[in-house]
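Here is a short briefing on one protein chain. Look over the sequence and the fold before reading on.

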Amino acid sequence: MGDIFIENLVQKRPTTLETVVKILIILAGCLIALPLLYLAFIGFFSGPMVLLAIGAIYGAYRLMSMYNIEFETCFTNGTFDVDKIINRRSRKRLISVNCKDVTAIGKYKAADHVNKTYKTKIIACDSELSEDVWYITVNHSVLGNSLVVFNMTDKLTESFKTFVPRHIAFEAFEKRF
């Protein structure tokens, strides 16, 4: 059997709240930059005021770009990794799971997990309302009892069937087995 390597990259869809926050950041940047530019044009410390205005606009851009989030899921020979990528600039490993440690897997419905307590919840999907959103629960050595929500692909489904414990695979994939 050869090595298995599956990568999936999804871009998080902005929520209404995130869109409102982006708009407020743009407005705040403009409200800070415009008076500084006005002061520069009337001759009050022209150089520093222009630099401060440029800094305010750049700061607003950097803050706004922090909401451009992608999630990369990577499956390699029974190890499932989830990374968060912010504005294609920085990457952070959220969790790395050995499939033998998976305690449950299935289609994700938020209502099913409302009353359950998890030490760590990782929502690494484009939207919780998407059709292809699945979850795994795992007892992680560092993060404790964790819920990981992600977008499942057909290749990933076949790989999980092979590497998760048999009884869990049978429960999750009974109609697809």
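Leaving aside neighbours within four places in sequence, which residues is Leu-39 in contact with? They are Phe-44 and Met-49. The model is predicted. Four helices and eight strands make up its secondary structure. The points below go from the whole chain to single residues.

**Overall shape**

- From start to end, the elements run β-α-α-β-β-β-β-β-β-β-α-α.
- The chain is more spread out than a compact globule, because its radius of gyration is 22 Å, well over the 16 Å that the globule rule gives for 177 residues.
- Along the principal axes, the C-alpha atoms fill a box of roughly 75 × 35 × 30 Å.
- Among contacts with a separation of 6 or more, 60% join residues 24 or more positions apart.

**Surface and charge**

- Buried residues make up 40% of the 177 in the chain.
- The exposed area is about 10,900 Å². Carbon and sulfur atoms supply 61% of that area.
- There are 21 positive and 17 negative side chains. The centres of these two sets lie 4 Å apart.

**Nonpolar cores**

- The largest nonpolar core has 27 residues. Phe-80, Ile-105, Ile-136, Phe-150 and Phe-160 touch the most other members.
- Phe-150 has contacts in several parts of the sequence, not counting residues up to four places away. Among them are Thr-73, Phe-80, Ala-124 and Cys-125. Its contacts also include the run Asp-132, Val-133, Trp-134, Tyr-135 and Ile-136. Leu-156 and Phe-160 are on the list too.
- A second, separate core holds seven residues. Tyr-108, Cys-125, Val-133 and Leu-147 are among them.

**Helix α1 and its contacts**

- Leu-39 lies in helix α1, which covers residues 16–41.
- Is Leu-39 buried or partly exposed? Its relative accessibility is 27%, so it counts as partly exposed.
- Leu-39 and Val-50 are eleven residues apart along the chain. Their C-alpha atoms are separated by 8.8 Å.
- Ala-33 lies in helix α1 as well. Ala-33 is buried, with a relative accessible area of 3%.
- Leaving aside neighbours within four places in sequence, Ala-33 is in contact with Ala-53, Ala-56 and Ile-57.
- Between Ala-33 and Tyr-67, the C-alpha separation is 22 Å. The two residues are 34 apart along the chain.

**Where Ile-4, Phe-75 and Ser-159 meet**

- Ile-4 is found in the segment before β1 (5–11). Is Ile-4 buried or exposed? Ile-4 is buried, since its relative accessible area of 18% falls under the 20% cut-off.
- Ile-4 and Phe-75 are 71 residues apart in sequence. In space, the two are 7.3 Å apart, C-alpha to C-alpha.
- Not counting residues up to four places away in sequence, Ile-4 touches Phe-75, Thr-76, Asn-77, Ser-159 and Phe-163.
- Ser-159 sits in helix α3, residues 154–163. Ser-159 is buried at a relative accessible area of 6%.
- With residues up to four places away left out, Ser-159 touches Ile-4, Ile-6 and Phe-75.

**Backbone points to check**

- Most residues other than glycine have a negative phi. Two loop residues stand out on this point.
- Asn-77 is not a glycine, yet its phi is positive, about 45 degrees. Asn-77 is placed in the loop between β2 (69–76) and β3 (79–86). Asn-77 is partly exposed, with a relative accessible area of 36%.
- Asn-77 is also one of the residues that Ile-4 touches.
- Where is Arg-88? Arg-88 lies in the loop between β3 and β4 (90–98). Its phi is near 55 degrees, again a positive value in a residue other than glycine.
- Arg-88 counts as exposed, because its relative accessibility is 69%.

Technical notes:
Residues numbered from 1 in each chain as written. Predicted model: local features only at pLDDT ≥ 70, side-chain atom pairs only at ≥ 80, totals over all residues. Heavy atoms only, no water. Helix = DSSP H or I, 4+ residues; strand = E, 2+ residues; numbered from the N terminus. Rg over C-alpha atoms; globule rule 2.2 N^0.38 Å. Buried < 20%, exposed > 50% of the residue type's maximum accessible area, 1.4 Å probe, protein only. Contact = heavy atoms within 4.5 Å. Areas by Shrake-Rupley, 256 points an atom, 1.4 Å probe, with all protein chains shown as cover. Lys, Arg positive; Asp, Glu negative; His and termini not counted. Charge placed at Lys NZ, Arg CZ, Asp CG, Glu CD. Core = buried A, V, L, I, M, F, W, Y, C linked by side-chain atoms within 4.5 Å.
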